[in-house]
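This briefing covers a nonpolar patch, a loop residue, the nonpolar cores and the aromatic pairs of one chain.

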Amino acid sequence: MNKPMTTEELFNKICNILKEKGRLPDILEYESATRNPVPVTTYEYELGSKLAYGGNEGIYLDLWIEYSSIREKPRQKLGVFKTLHESSDAMRTMAGLLADFIIEESAYVNAHLDDFTWEGVDIYAFDKDGKQCGLGFTYSTMEDALTKKDRLLEKYPKVVVRDNATRKEKTFLQELNSSENDAKKFCITVTETLRKEIILKSDSLEQAVSNVEQAYADGRIVLDADDLVCDPVTGETRRIERSGFYTDEQVQRMEVSSFGNQL
């Protein structure tokens with residue numbers, strides 16, 4: 001949803017669910033949502049009700065939502081059901097309607113909690129595998145949420161902060177330690193020289209070279225590990241050194257090799 005559901009919309013939504021399930025009594029004269037709807041910005045409320053005989057006739061079932069005193073919000077009316085019947089059975093039927101409304105309203109809100117979350121700032125921490133850790137935290141101000149974010153980043157690699165009023169999220173990543181953050185990239189080359197000596201008869205050196213090139217191209221000459229040439233100074237068959245093919249600026253723009261992050 002891109003905006004909070006109103007008290008009128010919530011009442012009508014539950015009434016429609018009851019109708020679809022055949023739970024609205026036949027004795028009802030009418031059901032009427034509040035004419036002064038207000039947004040429902042949090043699911044942290046209690047469903048209030050009054051089931052009583054009318055002053056002149058019938059039975060009324062009034063419904064509203066009530067927030068805790070900490071929130072300092074007034075009672076918000078949802079709607080009313082009325083029947084003209086006044087018998088004991090009618091009262092029991094209306095009581096059953098109240099029970100059904102409570103059941104369906106609770107199920108609907110719990111299944112759509114995000115549609116009823118438009119206050120405060122939520123924080124979620126994620127482990128190195130990208131899985132959310134724990135149940136998350138909710139704070140009334142962004143300042144308090146960002147303070148908590150800093151503490152979480154000391155333990156978790158990623159923290160997401162969500163402003164519930166705007167639905168905007170911001171991801172914060174754990175900073176690398178200074179040694180990793182300041183480290184430069186280097187391009188290191190590993191060189192192994194293969195050489196195979198081939199003796200053949202030919203009318204000329206040029207013809208001999210041409211014959212060998214053709215044999216190599218055809219795959220009749222294959223160089224393998226037995227053809228490794230040792231360095232005459234070190235005796236090693238490999239040479240590992242800093243590459244001279246790229247500038248330092250080019251190297252810094254290159255991606256780190258897959259095994260490099262494991263070193």
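I240 is found in strand β10, which spans residues 238-242. The model is predicted. I240 is one of the residues of a nonpolar surface patch, and the interior has a largest nonpolar core of 28 residues.

**Surface patch**
- F186, I188, V190 and I240 make a nonpolar surface patch of about 420 Å².
- I240 has a relative accessible area of 54%, and because the cut-off for exposed is over 50%, I240 counts as exposed.

**Loop residue D227**
- D227 sits in the loop between α5 (205-217) and β10.
- With a relative accessible area of 10%, D227 is buried.
- Leaving aside residues up to four places away in sequence, D227 touches T193, L194, R195 and K196, and also V222.

**Nonpolar cores**
- Within the 28 residues of the largest nonpolar core, those that touch the most other members are L10, F11, L63, F81, L97 and F101.
- Two or more residues of this core come from each of the helices α1 (7-20) and α2 (88-111) and the strands β1 (28-33), β3 (59-66) and β4 (76-83).
- Helix α2 gives the most to this core, with eight residues.
- A second core, separate from this one, has ten residues, among them A125, Y156, V159 and V161.

**Contacts of F11**
- F11 has a relative accessible area of 0% and is buried.
- Not counting residues up to four places away in sequence, F11 touches E31, S32 and A33, then L63, then L78, G79, V80 and F81, and finally F101.

**Aromatic pairs**
- The count of aromatic pairs comes to five.
- One of them joins F11 and F81: the ring centres are 5.2 Å apart and the planes lie at 45°, so the pair is tilted.
- F11 belongs to helix α1 and F81 to strand β4, so this pair ties together parts 70 residues apart in sequence.
- F81 is buried, with a relative accessible area of 0%.
- F81 also forms an aromatic pair with F101, at 6.1 Å centre to centre and 75° between the planes; because over 60 degrees counts as edge-to-face, this pair is edge-to-face.
- The pair of F81 in strand β4 and F101 in helix α2 links distant parts of the chain, 20 residues apart.
- F81 and F101 are both buried.
- Through ring pairs, F11, F81 and F101 are linked into a cluster.

Notes: Residues numbered from 1 in each chain as written. Predicted model: local features only at pLDDT ≥ 70, side-chain atom pairs only at ≥ 80, totals over all residues. Heavy atoms only, no water. Patch = residues over 30% accessible without salt bridge, like charges linked within 9 Å, V, L, I, M, F, W, Y side chains within 5 Å. Areas by Shrake-Rupley, 256 points an atom, 1.4 Å probe, with all protein chains shown as cover. Salt bridge = Lys/Arg side-chain N within 4 Å of Asp/Glu carboxyl O. Helix = DSSP H or I, 4+ residues; strand = E, 2+ residues; numbered from the N terminus. Buried < 20%, exposed > 50% of the residue type's maximum accessible area, 1.4 Å probe, protein only. Contact = heavy atoms within 4.5 Å. Core = buried A, V, L, I, M, F, W, Y, C linked by side-chain atoms within 4.5 Å. Phe/Tyr/Trp six-rings, centres within 6.5 Å; stacked < 30°, edge-to-face > 60°.
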